[in-house]
Each structure stands twice: as structure tokens, then as C-alpha cells.
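Okay, thanks for having me. I'd like to walk you through one structure today, so have a look at the screen and then we'll go through it piece by piece.

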Amino acid sequence: MTVPLALLGLLERESSHGYDLKRDYDTYFGRGKPLPAGQVYSTLSRLARDGKVEAGEAEPGAGPDRKRYVITELGVTEVETWLTEPVAGEPHLQTVLFTKVVLALLLERDPRAYLDIQRAAHMERMRELTELRRTGSTIDSLLADHGVFHLEADLRWMEQTVARLAALTAEVRS
């Protein structure tokens, strides 16, 4: 849901060609995961079908002809609504971390080994993100903060899990 709304928001700022939208999306939102060009155009197609954008006439350019996309009033309304709605907290009650711990217990394996490996991987990623916070732009720094805070929460969960492992083992294996 975020990609179509982000593209609509970029179009509300100014009408653009698909290539320009991809560049802007990747600049602001695509850190580590650029948006595939095909996804940009398929999303624009759906937005046009739904009356949220309009495609202008094809314009000649250095390469293939390009269309400039313009947001419609329906698109503006959707962006406005989306921007004013709070995002639901995502407590992720069924995470991969949890699943691996429970499966290890069900298979009568010690999950501590997995948790130690995962803790080391989290710490390495935190070092990378901390460096990005120190050297990156404000956008990079804020995204790195978000990542670090999530990793810190995972690390706290791992500590809590190890502390309660005996009780969890008894519950899972009963």
C-alpha cells in the first residue's frame, strides 16, 4: 500500500515521468531496496485505472516516448486521508525469531545457539547502522535510527527469552 501512496504524494508535489518518480522514490524511500522500474509503471497503470492519476500524451525524449503523470483530485484526497490516519502499531506477535525458538524446542534442540548467532548478527547490523547515522544524511540517519531501535527491541526480547527459557521449554514440550 505504501508504494502507490508514495508515488501519489510525489505526483502531488509535481507532475512527473515514471523515470523521475522512480528516481525520487529511490532517493527518499528506497534505501537498500530500490523500486523496480516495472513496479513503477504497473502501479501508475493501476492508479490511472482507478482515476487517481492521469497520463498525458507521450512526449519524445532521448529514449522511448515518455508520459507525464498528473495526480487527480481523487488522488489528492487519498494522499490527504492517508497522511492524516495514524499507522497501527505493529506488535508482530508471530515473528521469525519466535518461530525459530519454539521450533528448536519442539525439535529438542537448544535455542541458545541460534539466539547467540542471531544476537551477533544483530550487533553487526547495529554497528553498520550506527556508522550510517554518523556519516549519512539526515534521511539516512533517521532511517538508521529506526532500524537500530527495532534491533534493540529484538535484543531485549532475546534476553527475556533466555531468562524465561525453562518455562517456555516446559510449556512447549508439555
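**The pocket, the patch and the salt bridges**

Let's begin with the pocket: the largest one holds about 360 Å³ of space. Before I go on, keep in mind that this is a predicted model.

So which elements give two or more residues to the lining of that pocket? Those are helix 6, residues 111-135, and helix 7, residues 138-163. Helix 7 gives the most, with 6 residues. If you want to select the whole lining in your viewer, take Y28, F29, R31, R125, L129, L132, D140, L143, A144, H146, G147 and L151. By character, that lining divides into 7 nonpolar residues, 2 polar and 3 charged.

Now hold on to Y28, F29 and L143 from that list, as they come back on the surface. Together with I139, Y28, F29 and L143 make a nonpolar surface patch of about 350 Å². Where does F29 lie? You'll find F29 in the loop between helix 2, residues 18-28, and helix 3, residues 37-49. And is F29 buried, partly exposed or exposed? F29 counts as partly exposed, because its relative accessible area is 45%, between the 20% and 50% cut-offs.

While we're in that loop, P36 is there too, between helix 2 and helix 3. With a relative accessibility of 46%, P36 is partly exposed. If you like long-range distances, take P36 and H150: they're 114 residues apart in sequence, and their C-alpha atoms are 26 Å apart in space.

Okay, on to charges. How many salt bridges does the structure hold? The count is 14. As a reminder of the background, side chains of opposite charge can pair when their charged atoms come close. I'll pick out a few.

One of them joins the side chains of R23 and D24, at 3.1 Å from N to O. What I'd point out here is the accessibility of the two partners. R23 is partly exposed, with 42% relative accessible area, whereas D24 is buried, at 8%. The cut-off for buried is under 20%, so D24 falls in that class. And this pair belongs to something wider: R13, E14, D20, R23 and D24 are linked in a network of salt bridges. If you're going to look at one group of charges in detail, that's my pick.

Next, helix 6 again. E124 forms a salt bridge with R127, and the closest N and O atoms are 3.2 Å apart. Both residues sit in helix 6 with a spacing of 3 residues, about one turn of the helix. As for exposure, E124 comes out partly exposed at 37% relative accessibility, and R127 is partly exposed at 49%.

Then there's the pair R112 and D110, whose side chains meet in a salt bridge at 3.2 Å, N to O. Here R112 is partly exposed at 41% relative accessibility, and D110 is also partly exposed, at 43%.

A quick stop on the backbone now. Most residues other than glycine have a negative phi, and most peptide bonds are trans. So what is the phi of E108 near? It's near 55°, a positive value in a residue that isn't glycine. E108 lies in the loop between helix 5, residues 96-106, and helix 6. E108 counts as exposed, because its relative accessibility is 66% and the cut-off for exposed is over 50%.

Last, two buried residues. M158 is in helix 7, and M158 is buried with a relative accessible area of 0%. Going from M158 to E85 takes you 73 residues along the sequence and 32 Å through space, C-alpha to C-alpha. The other is L97, found in helix 5. L97 counts as buried too, at 11% relative accessibility. The C-alpha atoms of L97 and A48 are separated by 40 Å, with their positions 49 residues apart along the chain.

To pull it together: Y28, F29 and L143 are in the pocket lining and in the nonpolar patch, and D24 is a buried partner in the R23–D24 salt bridge. That's what I had, so over to you.

Terms used:
Residues numbered from 1 in each chain as written. Predicted model: local features only at pLDDT ≥ 70, side-chain atom pairs only at ≥ 80, totals over all residues. Heavy atoms only, no water. Patch = residues over 30% accessible without salt bridge, like charges linked within 9 Å, V, L, I, M, F, W, Y side chains within 5 Å. Areas by Shrake-Rupley, 256 points an atom, 1.4 Å probe, with all protein chains shown as cover. Salt bridge = Lys/Arg side-chain N within 4 Å of Asp/Glu carboxyl O. Helix = DSSP H or I, 4+ residues; strand = E, 2+ residues; numbered from the N terminus. Buried < 20%, exposed > 50% of the residue type's maximum accessible area, 1.4 Å probe, protein only. 1 Å grid on protein atoms, 1.4 Å probe; cavity = no way out; pocket = protein on both sides within 12 Å on 5 of 7 lines; lining within 4 Å. Points joined across faces, edges and corners; volume = space filled by probe spheres on them. Nonpolar A, V, L, I, M, F, W, Y, C, P; charged D, E, K, R; others polar.
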